[in-house]
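User: Please walk me through the arrangement of the chains and the sheet in this model, with the cut-offs behind each term.

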4 protein chains.
Amino acid sequence: MLKQLKEEVLAANLDLPRYQLVAFTWGNVSGVNREQELMVIKPSGVPYNKLKVNDMVVVRLNDGEVVEGDLRPSSDTPTHLVLYRTFSEIGGIVHTHSANATSWAQAGKGIPVLGTTHADYFYGEVPCTRELSEKEIIGNYEIETGQVIVETFKNRGLKPLSIPGVLVHGHAPFVWGKDADNAVHNAVVLEEVAKIATHTYLLNKDLKPIDQRLLDRHFLRKHGVNAYYGQK
Amino acid sequence: MLKQLKEEVLAANLDLPRYQLVAFTWGNVSGVNREQELMVIKPSGVPYNKLKVNDMVVVRLNDGEVVEGDLRPSSDTPTHLVLYRTFSEIGGIVHTHSANATSWAQAGKGIPVLGTTHADYFYGEVPCTRELSEKEIIGNYEIETGQVIVETFKNRGLKPLSIPGVLVHGHAPFVWGKDADNAVHNAVVLEEVAKIATHTYLLNKDLKPIDQRLLDRHFLRKHGVNAYYGQK
Amino acid sequence: MLKQLKEEVLAANLDLPRYQLVAFTWGNVSGVNREQELMVIKPSGVPYNKLKVNDMVVVRLNDGEVVEGDLRPSSDTPTHLVLYRTFSEIGGIVHTHSANATSWAQAGKGIPVLGTTHADYFYGEVPCTRELSEKEIIGNYEIETGQVIVETFKNRGLKPLSIPGVLVHGHAPFVWGKDADNAVHNAVVLEEVAKIATHTYLLNKDLKPIDQRLLDRHFLRKHGVNAYYGQK
Amino acid sequence: MLKQLKEEVLAANLDLPRYQLVAFTWGNVSGVNREQELMVIKPSGVPYNKLKVNDMVVVRLNDGEVVEGDLRPSSDTPTHLVLYRTFSEIGGIVHTHSANATSWAQAGKGIPVLGTTHADYFYGEVPCTRELSEKEIIGNYEIETGQVIVETFKNRGLKPLSIPGVLVHGHAPFVWGKDADNAVHNAVVLEEVAKIATHTYLLNKDLKPIDQRLLDRHFLRKHGVNAYYGQK
């Protein structure tokens with residue numbers, strides 16, 4: 001069942017320690033099959049060096065039921081499901097506690113566009129959500145985490161594939177993309193962008209974001225209809 | 001004698017350079033056998049790449065006598081013994097000078113709970129001890145180091161397995177767990193948590209700790225009786 | 001065609017991930033053949049681990065036409081061409097988003113000469129360009145990026161081989177040298193110099209550049225007519 | 001001639017890139033034979049991966065003449081010679097531009113004893129020299145660099161083996177030890193101590209050095225006549 005998607009999701013999960021985005025069992029990647037309305041996700045708490053294709057858990061998109069797999073899915077499964085249901089254009093999601101992005105999330109600050117490295121991938125500030133309320137934390141915490149991400153994007157009118165990631169306040173980043181591999185790619189970029197942004201602030205605390213036109217130029221030469229980066 | 005424990009303690013010691021927690025001969029890990037009231041610990045000043053199972057030193061818990069082994073035990077042995085005698089629920093201890101945790105110890109500051117990465121492992125601030133007095137430094141220094149850790153936990157009403165580590169003022173961290181391997185795991189986490197906390201403060205110096213409920217939620221989903229992280 | 005130059009340029013490109021100056025497909029290196037008035041450059045958006053000698057693209061120096069190669073050249077090709085046309089003494093150019101140099105570019109600050117590590121390679125501040133105007137960004141952006149670098153060097157009377165690199169405001173460094181290999185060498189040095197400079201400022205924000213004589217001494221003992229560093 | 005010393009000095013030089021203390025050809029290690037009054041040192045500007053035993057250059061201690069070797073000795077040779085002549089108890093010297101120690105040198109600040117990691121190896125602040133005068137820079141620069149190190153130690157009454165290193169103002173560290181291998185060991189420690197010190201200051205800018213008794217305790221348990229660290 002979904003053999004190819006499981007392999008993609010496994011490979012994307014194994015990329016997390018390779019890119020030094022996670023320690024131990026931290027982090028998880030999922031991918032979605034939109035036609036069958038199924039999500040494949042890493043099992044909870046299993047070390048990366050022991051993960052096998054058949055450990056990947058298949059979960060139904062509409063109600064979160066496990067339809068295949070002997071292991072429990074990631075405890076963050078409800079967050080992934082909310083995002084897939086709402087952001088219909090995304091195909092893969094990754095959650096890590098990568099150090100630099102996490103420090104922005106802990107500081108409760110979105111990462112402003114301070115340069116073209118950011119602009120090449122994120123078409124604006126990487127937003128930080130509001131804090132969850134007491135009720136949300138005590139209630140369906142993982143679902144609420146998904147909801148506050150959706151709320152953040154709706155309130156600001158952001159498109160998920162133009163800003164393929166978010167910082168959850170006091171927690172860490174969730175990042176996505178057109179598939180699992182692309183989501184991990186964006187998570188690596190976010191960590192690098194966060195690192196450079198921190199260093200930039202150390203040198204100049206009063207810095208403003210770059211000019212909107214420079215942001216347009218860089219994002220659109222890679223992602224717009226007239227993109228001219230890469231091969232045809 | 002205690003062959004399995006020696007192998008566990010050796011493996012845990014070899015993890016220290018692998019996780020980049022130590023340089024040269026810095027750091028040491030021990031494990032305890034509660035039934036036989038014996039501790040196994042790294043010998044003093046031996047390079048990690050030359051450590052063998054039979055180099056591990058067996059020390060009696062009640063009086064610190066070496067009961068097996070040709071080498072001298074770690075100079076921090078008396079500190080380990082105080083901790084095992086007082087914290088009856090712990091099974092392994094590690095001492096490192098890992099850079100980020102050590103910089104908090106040198107700054108004389110406990111690491112506040114700034115995010116869920118911390119909350120997943122430490123159920124509150126990682127405390128920093130008071131400075132040792134002149135008399136304590138001149139006297140049985142390594143025993144006093146253990147005592148000031150115990151005092152810190154008693155005065156604040158902390159449980160050793162809920163806060164599995166401490167910063168010794170002006171010195172470096174001691175970290176523990178249910179066994180030697182788990183202690184090293186927690187030492188890796190502490191170093192990562194300390195690094196993220198430093199970066200967070202660079203972005204926002206006036207930050208408050210996260211909400212108590214978010215701390216509860218994360219610590220208890222991993223460690224409480226109703227934990228739902230990982231496999232059953 | 002230009003087989004040796006292609007091999008040099010390929011090798012120099014492969015050095016970028018090896019020296020941890022780039023992630024993914026970021027960055028590009030070119031080399032020039034002055035007699036034939038041809039430039040060899042990395043193709044756009046191709047991962048380093050898949051690059052082959054024949055993927056290198058040969059571009060005509062005077063009009064930018066591709067004269068050999070099946071792939072599109074780097075999107076930064078026009079910037080490289082402007083630099084080769086104006087700085088006749090350089091033989092190789094590299095562009096990266098290496099984290100420390102990029103953070104100075106994002107902060108909009110040149111890197112002052114804070115020590116002899118800098119003075120050994122850069123005979124003065126590594127300048128940061130002005131911001132591009134709206135018109136320049138909307139227009140021939142990559143050409144304008146080259147022009148603003150040239151303008152910066154002309155206005156300040158800088159010699160390209162005495163200051164073999166620049167920070168493009170809000171973007172990242174361009175670095176050059178007598179050939180492609182030397183350009184990458186200088187890019188590694190710039191990243192190290194930028195890192196040390198940031199750390200230096202953390203310790204002393206009011207620091208002045210080093211004495212001009214110390215700059216002279218170090219730069220000239222390596223690069224002057226009476227250089228006495230290295231072998232004859 | 002001096003085959004064993006050459007092998008020791010070669011091995012110590014090869015440790016520099018292994019411990020990530022140097023890039024390219026930066027840095028150099030020497031060792032001394034006191035009976036024969038000869039120094040063995042790395043040749044100038046030769047990449048580490050091409051160094052062979054017979055490339056090591058033998059230099060006479062009293063007048064700096066090369067007595068064996070086809071290559072030119074390190075350009076820092078005169079500095080090494082001054083140190084060996086004055087500090088009769090040292091047997092090896094290393095010079096690097098390691099990033100963290102160099103940033104303290106560039107900031108013109110000695111590294112205060114902020115914790116026991118420092119106290120285990122350096123019996124007090126690692127001093128920073130004064131700036132060299134115009135005359136000293138223009139004159140015999142490398143000799144003057146040695147002289148200002150000696151002056152720093154004399155003026156402050158420091159013993160070279162109690163404080164086995166120094167920061168040269170605006171330049172970088174020189175570190176020494178009882179032999180070449182021990183000098184590199186101390187250089188690794190200095191880099192780590194400098195890194196932790198910088199992080200400590202980021203957390204607490206008004207920090208005072210640790211208590212003299214704690215410094216005594218740690219330095220002397222490793223280095224005093226009653227040392228009890230390591231094996232007998």
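**Chains and sheet**

Analyst: Chain B is superposed on chain A by a rotation of 90° with 0.0 Å of shift along its axis, at an RMSD of 0.0 Å, where the fit is by least squares on the C-alpha atoms of residues with pLDDT of at least 70 in both copies. The two copies are thus related as by a four-fold rotation axis. This is a predicted model, in which local features need pLDDT of at least 70 and side-chain atom pairs count only at pLDDT 80 or more, while totals for chains, interfaces and linings use all residues. Residues are numbered from 1 along each chain as its sequence is written, chains are lettered from A and ligands numbered from 1 in the order written, and side-chain values use heavy atoms, leaving out hydrogens and water.

User: Which residue of chain B comes closest to the rotation axis?

Analyst: Two copies of a chain are related by a rotation about an axis and a shift along it. Judged by C-alpha, the residue of chain B that comes closest to that axis, at 5.5 Å, is B:Leu202.

User: Which strands of the open sheet in chain C stand at the edges?

Analyst: The open sheet of seven strands in chain C has antiparallel pairing and the order E4-E3-E2-E1-E5-E7-E6; strands are DSSP runs (E, at least two residues), numbered from the N terminus, and two of them pair if DSSP finds at least two bridges between them. Each edge strand has a single partner, so one side of each is left without a neighbour in the sheet, and these strands of chain C are E4 (66-68) and E6 (165-167).

How values were computed: Helix = DSSP H or I, 4+ residues; strand = E, 2+ residues; numbered from the N terminus.
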